[in-house]
Amino acid sequence: MDIKGDLSVKRTMSASRRVNAGLSSETLAGARTVVIHDYAILNLNPNGINRDVNLPDATTLPVGWSIKIRHSGVANDLVVKDN
């Protein structure tokens, strides 16, 4: 399909909420580094061994950015570390 003509923006939007407000579940094979584009809720299973979860540098994140980390394993720890 060939589109011809000008593209114009009729309105703009300033979004204060996350686009990826859902949940992600993972079984970890090593340390996990959280990035700005991760889902708002991370359901993490350490897979039988203690695992590190590294948070991003807060100075690089938008105001109000947050994340919830849920331990979904039966044993072992998730060690959450700030940057």
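Strands here are DSSP runs of E with at least two residues, numbered from the N terminus. The model is predicted.

**Exercise 1.** State which secondary structure elements the chain contains and the pattern they follow along the sequence.

Solution. Begin with the count: the chain has six strands and zero helices. Then read along the sequence, which gives β-β-β-β-β-β.

**Exercise 2.** Work out the strand order of the open three-stranded sheet, and explain why β2 and β6 each have one side without a neighbour in the sheet.

Solution. The order is β2-β4-β6, and the pairing is parallel. Strands β2 (32-33) and β6 (78-81) stand at the edges with a single partner strand each, so one side of each lacks a neighbour in the sheet. Next take the pairing of β4, residues 51-54, with β6: four bridges join them in the parallel sense. One residue pair to locate is Asp-52 with its bridge partner in β6, Val-79.

**Exercise 3.** Identify the residues of the largest nonpolar core, then trace the contacts of Leu-44.

Solution. The core has nine residues: Leu-28, Val-34, Leu-42, Leu-44, Val-53, Leu-61, Trp-65, Ile-67 and Leu-78. Now set aside the neighbours of Leu-44 within four places in sequence; its contacts then include the core members Leu-28, Val-53 and Leu-78. Leu-44 also touches Glu-26, Arg-32, Ile-69, Arg-70, His-71, Ser-72 and Gly-73.

**Exercise 4.** Describe burial, exposed area and contact range for the whole chain.

Solution. Of its 83 residues, 23% are buried, with under 20% relative accessible area as the cut-off. The exposed area is about 6,700 Å², of which carbon and sulfur atoms supply 51%. For range, consider contacts between residues at least 6 apart in sequence: 50% of them join residues at least 24 apart.

Terms used
Residues numbered from 1 in each chain as written. Predicted model: local features only at pLDDT ≥ 70, side-chain atom pairs only at ≥ 80, totals over all residues. Heavy atoms only, no water. Pairing = 2+ DSSP bridges. Core = buried A, V, L, I, M, F, W, Y, C linked by side-chain atoms within 4.5 Å. Buried < 20%, exposed > 50% of the residue type's maximum accessible area, 1.4 Å probe, protein only. Contact = heavy atoms within 4.5 Å. Areas by Shrake-Rupley, 256 points an atom, 1.4 Å probe, with all protein chains shown as cover.
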